[in-house]
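Please read the following with the sequence and the model side by side. The text goes from charged pairs to cysteines, then to the backbone and the surface.

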Amino acid sequence: MTDAAHADIKSKIDANPVMVFMKGTPQFPQCGFSSVVVQILDHLGVDYGSANVLESDDLRQGVKTFSDWPTIPQLYVKGEFVGGCDIVREMFEQGELRGFLQEKGVPVAA
């Protein structure tokens, strides 16, 4: 991963308390896994930033290296890597995600 790609990824994570690296956009996800993460965050009423990894090979490969996680989407909360779709879905289904976000100081819907 180039230094520029690393710096770009870090700046996106630092600029957004909740950041999703995904395929497509929240309005038009381009894979089912990205769609699930967006639906969960939207359901919780969370404000989040997103980056479409399909726009750049450097971003798509770089985010995998940055997190040492092989799949996309990837969710970060307050700079901390949370995981991909399966982890986010499991945390949501078990009622853990809302509490985790609240502990990190991220506002969620009632």
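Glutamate 80 has a relative accessible area of 33%, so this residue counts as partly exposed. The model in which it is seen is a predicted one. Glutamate 80 does not stand alone: its side chain meets that of lysine 104 in a salt bridge, with 2.6 Å from N to O. The two partners come from distant parts of the chain, 24 residues apart, with glutamate 80 in strand S4 (residues 80–83) and lysine 104 in the segment after helix H5 (96–103). Lysine 104 is partly exposed as well, at a relative accessible area of 29%.

Such contacts rest on a simple principle. Side chains of opposite charge can pair when their charged atoms come close. How many salt bridges does a search of the whole structure find? The count is four, and two more of them can be described here, one between lysine 10 and aspartate 14 and one between aspartate 57 and arginine 60.

In the pair of aspartate 14 and lysine 10, the N to O distance is 3.0 Å. Both residues belong to helix H1 (residues 3–15), where they are four residues apart, about one turn of the helix. Their cover differs in class: aspartate 14 is exposed, at 54% relative accessibility, whereas lysine 10 is partly exposed, at 39%.

The salt bridge between arginine 60 and aspartate 57 has an N to O distance of 2.2 Å. These two residues lie in helix H3 (residues 57–67), and because they are three residues apart there, about one helical turn separates them.

The cysteines come next. A disulfide is a covalent bond between the sulfur atoms of two cysteines. How many disulfides does the model contain? With a cut-off of 2.5 Å between the sulfur atoms, the count is zero. For cysteine 31, the nearest cysteine sulfur is that of cysteine 85, 7.8 Å away, and cysteine 31 is in no disulfide. Cysteine 85 is likewise in no disulfide, with the sulfur of cysteine 31 as its nearest, at 7.8 Å. Are these cysteines buried or exposed? Cysteine 31 has 18% relative accessibility and so counts as buried; cysteine 85, at 5%, counts as buried too.

The backbone has some features to look for. Most residues other than glycine have a negative phi, and most peptide bonds are trans. Between isoleucine 72 and proline 73, however, the peptide bond is cis, with omega at about 15 degrees. Proline 73 is part of the loop between H3 and strand S3 (74–77).

Aspartate 68 is found in the loop between H3 and S3. Although aspartate 68 is not a glycine, it has a positive phi of about 55 degrees. Its relative accessibility of 69% makes aspartate 68 an exposed residue. Lysine 78 also has a positive phi without being a glycine, here about 50 degrees. Lysine 78 sits in the loop between S3 and S4 and is partly exposed, with 45% relative accessibility.

The last stop is the surface. Which residues form a negative patch there? They are Asp86, Glu90, Glu93 and Glu96. Helix H4 (residues 85–93) gives the most to this patch, contributing three residues. Glutamate 93 lies in helix H4, and with a relative accessible area of 61% it is exposed.

How values were computed:
Residues numbered from 1 in each chain as written. Predicted model: local features only at pLDDT ≥ 70, side-chain atom pairs only at ≥ 80, totals over all residues. Heavy atoms only, no water. Patch = residues over 30% accessible without salt bridge, like charges linked within 9 Å, V, L, I, M, F, W, Y side chains within 5 Å. Areas by Shrake-Rupley, 256 points an atom, 1.4 Å probe, with all protein chains shown as cover. Lys, Arg positive; Asp, Glu negative; His and termini not counted. Charge placed at Lys NZ, Arg CZ, Asp CG, Glu CD. Buried < 20%, exposed > 50% of the residue type's maximum accessible area, 1.4 Å probe, protein only.
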